[in-house]
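Trainee: I should like to learn how aromatic rings and a ligand are read in a structure. May we begin with the rings?

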Amino acid sequence: MSRTKATFLPPVMEARRWLEGVDFSDRPLINVSQAAPVDPPPQQLRQAIADVALNVPDAHLYGPVLGLPALKSELATQWSAAYQGSITADQVGITSGCNQAFSATISMLCDQDDEVILPIPYYFNHRMWLDMQGVKTVPLQTGPDMLPDPAYAGELITPRTRAIALVTPNNPCGVEYPAELVRAFYNLCQDRGIALILDETYRDFDSRTGAPHDLFADPNWADTLIHLYSFSKAYRLTGHRVGAMVSSVARLEEAEKFLDTVAICPNQIGQYAALWGMQNLGAWVSGERDEILDRRAAIAEGFPTLEQQGWKLRGLGAYFAYLEHPFAMDSDDLARELVKQAGILVLPGTMFTPDGDADGKRQIRIAFANVDRAGITELFTRLAGLNL
Ligand SMILES: Cc1ncc(COP(=O)(O)O)c(C=O)c1O
């Protein structure tokens, strides 16, 4: 069997196909399926991108495989301050998006038939890459609060385990992993000699102030921790493909082989855009965070209406509300019905869980980042009015 046949179709594309032939003319579609900003970057950033395109000749050429030195330094400096730790520029690799950072990380850590532990529900692209690499996804069931248990994870580690991969704030559940929980996973990984992959794509929208964990304060963090980040969300740069991995120099040297082969270098103009954003858009990003937190509050405030009908709010945060539905049907059937009957596009829990997982069949993910307060009210009205 080929590598690609080992995994499933891209979920967001599959969900888009459910829209074909459905008429939304008298009730516009509420699309809460994809966790990506729909608006372009702010005007100042677009201007900066235009200036780079016109005035920086190097921005059109291949650059260093591991990224623009100035961007690596900026990230090292800002992260060292934010996490109260010590990160140097040569411990930062810039990648073509955070998905590529994960792919490079797995390729650098794993051989075929190795194992990586993922909390369930997982981010589907993590699962897909493990499948395509011939790496076994070892499912770590989460509790009712959607948090993974380090003691249980410890029981799942075998001689073939290479890493535990966590996403915090979490996609798809929204939950923010407490600093002590992240620390407990780190200690476990350190003790057992495996890597902790921490995807913090949604770090800019964390509701907590201050550092979300203290791992970078450990002088030996680079032996265990591989931190991943995306410039896609905070700066609305999804189409420019810029992400980062923060790791030991030795691991980055291995990742460089992968990155050189698949992309040679990250998008140069995108990297200049990310750098400009980091240096100039702090206040703007903080305003975006306030808006996302307000939308999250709107979900929490409106939810009791759905709760009365048997819905449960299992997780809320970052861009996501993770819901348990009350209907006697599987979530993938429900998701298709929601398009037809309510003009709502969501992704079912089955897309974030292994085949046959009973919980996934009862869950849906709402990616609310693009829906304002009025839209959230409308979303809840439509869900409350369902007759299934
Ligand atoms: C947890 C997580 N990691 C990575 C990504 C992909 O980010 P990028 O656009 O930087 O590849 C996403 C996007 O939805 C995500 O949710």
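Mentor: Ring pairs join Trp79, Tyr83, Phe216, Trp221, Tyr229, Phe231 and Tyr235 into a cluster. The model is predicted, so local features need pLDDT of at least 70 and side-chain atom pairs pLDDT 80 or more, while totals for chains, interfaces and linings use all residues. Residues are numbered from 1 along each chain as its sequence is written, and side-chain values use heavy atoms, without hydrogens and water.

Trainee: How is a pair of aromatic rings described?

Mentor: The distance of the centres and the angle of the planes describe it. Rings of Phe, Tyr and Trp (its six-membered ring) pair if their centres lie within 6.5 Å; planes under 30 degrees apart are stacked, over 60 edge-to-face, and the rest tilted. The structure holds 15 aromatic pairs. In one of them, Trp79 and Tyr229 meet edge-to-face, 4.9 Å centre to centre with 70 degrees between the planes.

Trainee: Are Trp79 and Tyr229 buried or exposed?

Mentor: Both Trp79 and Tyr229 are buried (under 20% relative accessible area, with a 1.4 Å probe and protein chains only).

Trainee: Which side chains make polar contacts with the ligand?

Mentor: A polar contact is a pair of N or O atoms within 3.5 Å. Ligand oxygen atoms lie 2.8 Å from a polar side-chain atom of Asn171, 2.6 Å from an N or O atom in the side chain of Ser230, and 2.8 Å from one in the side chain of Lys233. Taken alone, the ligand exposes 400 Å², of which the protein buries 92% (Shrake-Rupley method, 1.4 Å probe).

Key:
Buried < 20%, exposed > 50% of the residue type's maximum accessible area, 1.4 Å probe, protein only. Polar contact = N/O pair within 3.5 Å; in protein donor to acceptor, adjacent residues only side chain to side chain.
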